[in-house]
2 protein chains.
Amino acid sequence: MPKAKYDIIYRNLKEKIENEHYAYQEMLPSEHKLIQEYDCSRNTVRRAIAELTADGYLQPMHGKGVRNIYQPVEQTAFTVGGIESFKESAKRNHREPFTQIIQFTELTADEKIEKRTGFKKGSELYYIQRLRSLNGKPLILDHNYFLKELTHGLTPEIAEQSVYEYLEGTLGLTISTSKRTLTVERVTQIDEKYIDLKDYNCMAVITSQTFDDNGIQFEYTQSRHRPDYFLFQDVATRRDNRR
Amino acid sequence: MPKAKYDIIYRNLKEKIENEHYAYQEMLPSEHKLIQEYDCSRNTVRRAIAELTADGYLQPMHGKGVRNIYQPVEQTAFTVGGIESFKESAKRNHREPFTQIIQFTELTADEKIEKRTGFKKGSELYYIQRLRSLNGKPLILDHNYFLKELTHGLTPEIAEQSVYEYLEGTLGLTISTSKRTLTVERVTQIDEKYIDLKDYNCMAVITSQTFDDNGIQFEYTQSRHRPDYFLFQDVATRRDNRR
DNA sequence: TAATTAAATATGTTTAAACAAGTTTAAAAA
DNA sequence: TTTTTAAACTTGTTTAAACATATTTAATTA
């Protein structure tokens with residue numbers, strides 16, 4: 001539930017932009033007009049605008065106004081967005097998700113695992129291997145490590161549905177920040193066993209460390225995508241580096 | 001030149017965090033203390049903290065304080081950061097850059113180019129093809145399209161050095177936002193001709209549209225990276241999606 | 001008419017204050 | 001001693017105001 005005013009304005013403007021209520025390159029109403037429209041202070045509309053700018057939706061211009069620079073992307077590939085579950089991603093991409101559990105075990109982190117995942121040696125973990133299909137086609141192979149201490153009660157049944165729904169809904173965990181790195185890696189035997197890779201000999205790999213609202217890492221995941229169904233989006237803004 | 005107070009605080013805190021003046025998982029001084037330390041208002045320190053949070057450096061905790069969650073990455077691969085020139089990236093990765101111009105031509109956008117690059121049909125463009133080497137090893141193949149109207153005067157000599165230095169320094173262009181998509185694509189004949197790909201049959205490809213401070217797109221670039229020297233980093237924060 | 005000047009309008013930065021809400025600490029009560 | 005309560009401290013949201021700076025528009029002047 002978005003209770004904060006700036007979040008309501010953010011969502012409302014975002015929806016208008018995505019629905020092309022404002023055209024690409026069109027100017028948004030001035031801050032003054034938005035203040036009247038939403039009956040709030042200047043700072044509050046500015047916060048909503050700032051977040052949409054960070055999303056790559058808007059370009060504020062000093063003294064001129066704020067321009068819409070959002071362009072809808074054609075959805076051919078499976079786009080990776082913010083922190084979201086496989087279910088949420090599938091829904092956003094208008095595809096039917098299906099998950100098959102390949103492995104579900106518990107283990108204790110050793111030094112090798114600590115180095116790779118960031119979980120301290122001795123940590124109790126769940127290790128899950130899942131094959132993800134979209135519209136019946138197996139496309140993604142996930143290797144998850146969850147910190148047992150913060151995710152206790154996980155079962156294969158939950159892993160087949162939605163782990164995040166369980167963590168947020170049942171356990172009351174607040175998922176906050178995810179650090180991700182994207183690389184291209186050679187296919188493994190497991191990849192080949194479960195995914196039809198044509199003649200590709202590499203996979204698009206997203207590894208992520210995810211933290212709760214206390215800054216404690218509870219998840220390490222390696223998500224291996226079939227290359228031709230993979231698309232990662234990002235918006236960067238340039239920071240003045242001249243000292 | 002960072003003239004804004006929040007930017008000075010941002011840079012100062014960032015440096016302290018990167019230099020491990022604060023340890024991983026350590027708490028930062030409270031807002032109150034930072035206000036005294038930097039002699040500024042609460043909003044100003046909060047802005048600096050907010051930007052470092054977006055960078056994945058900090059995790060603010062309601063009622064508790066702000067935790068440092070920055071972990072230095074081991075620099076084995078070539079990491080891709082914000083909007084930066086090849087020169088800037090190379091410097092950040094402590095590598096020696098070298099650029100070889102393969103092609104430098106002018107052309108007019110047709111419908112095919114418009115669809116791919118986002119430049120309107122009829123736009124006058126520079127088209128540049130460049131091979132990028134790091135420490136003597138050819139690793140990246142760049143295909144650039146620059147809108148002539150905003151980048152006039154480009155020459156092969158400039159393209160061999162730094163286009164961004166020319167645009168920002170000489171032309172006074174302000175580079176603002178870059179929308180990027182990351183995909184994995186099959187190698188082309190040109191890739192194979194210039195880059196030693198071992199047995200890899202794909203490349204990591206970053207395509208980007210870059211805008212100036214008026215929201216006008218002046219660049220479209222496809223940057224093709226050798227897979228084993230490529231690493232893309234990203235930080236995502238979860239937005240409460242429950243309505 | 002054309003150029004200049006001034007006013008109005010736009011976003012950018014900073015400070016101040018008030019209140020909300022979560023967490024910790026210390027005091028008070030059982 | 002243990003539990004409860006209250007105070008102190010933390011970050012989160014919102015409003016208000018002032019000033020800076022860039023741009024556009026309108027008025028003025030040459």
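**Note on a predicted protein–DNA model**

1. Start with the contacts within chain A. Among those between residues at least 6 apart in sequence, 57% join residues at least 24 apart. Keep in mind that the model is predicted.

2. Next, the make-up of chain A. Its secondary structure comes to nine helices and ten strands. The chain has 243 residues, and 32% of them count as buried. Along its principal axes, the C-alpha trace of chain A spans about 55 × 45 × 40 Å.

3. How does chain B relate to chain A? A turn of 180° and a shift of 0.0 Å along the axis lay chain B on chain A, with an RMSD of 0.0 Å. That is the relation of a two-fold axis. The same surface serves both copies, as 100% of the contact residues of chain B recur in chain A.

4. Now DNA strand D. Which residues come nearest to this strand? There are 19 residues around DNA strand D, and the nearest are Lys5(A), Cys40(A), Asn43(A), Gly63(A) and Glu31(B).

5. Both chains supply elements to the surface near DNA strand D. From chain A come α1 (5-18) and α3 (42-54). From chain B come α2 (31-38), β1 (58-61) and β2 (65-68). Each of these elements supplies at least two residues of that surface.

6. What classes of residue make up the surface near DNA strand D? Ten are polar, six are nonpolar and three are charged.

Notes. Residues are numbered from 1 along each chain as its sequence is written. Chains are lettered from A and ligands numbered from 1 in the order in which they are written. This is a predicted model: local features need pLDDT of at least 70, side-chain atom pairs count only at pLDDT 80 or more; totals for chains, interfaces and linings use all residues. A residue is near a molecule or strand if its C-beta atom, placed from the backbone, lies within 6 Å of it. Helices (H or I, at least four residues) and strands (E, at least two) are DSSP runs, numbered from the N terminus. Ala, Val, Leu, Ile, Met, Phe, Trp, Tyr, Cys and Pro count as nonpolar, Asp, Glu, Lys and Arg as charged, and the others, Gly among them, as polar. A residue is buried if 20 or more other C-beta atoms lie within 10 Å of its own, exposed if 12 or fewer, and partly exposed in between; C-beta atoms are placed from the backbone. Two residues are in contact if their C-beta atoms, placed from the backbone, lie within 7 Å. Copies are superposed by least squares on the C-alpha atoms of residues with pLDDT of at least 70 in both.
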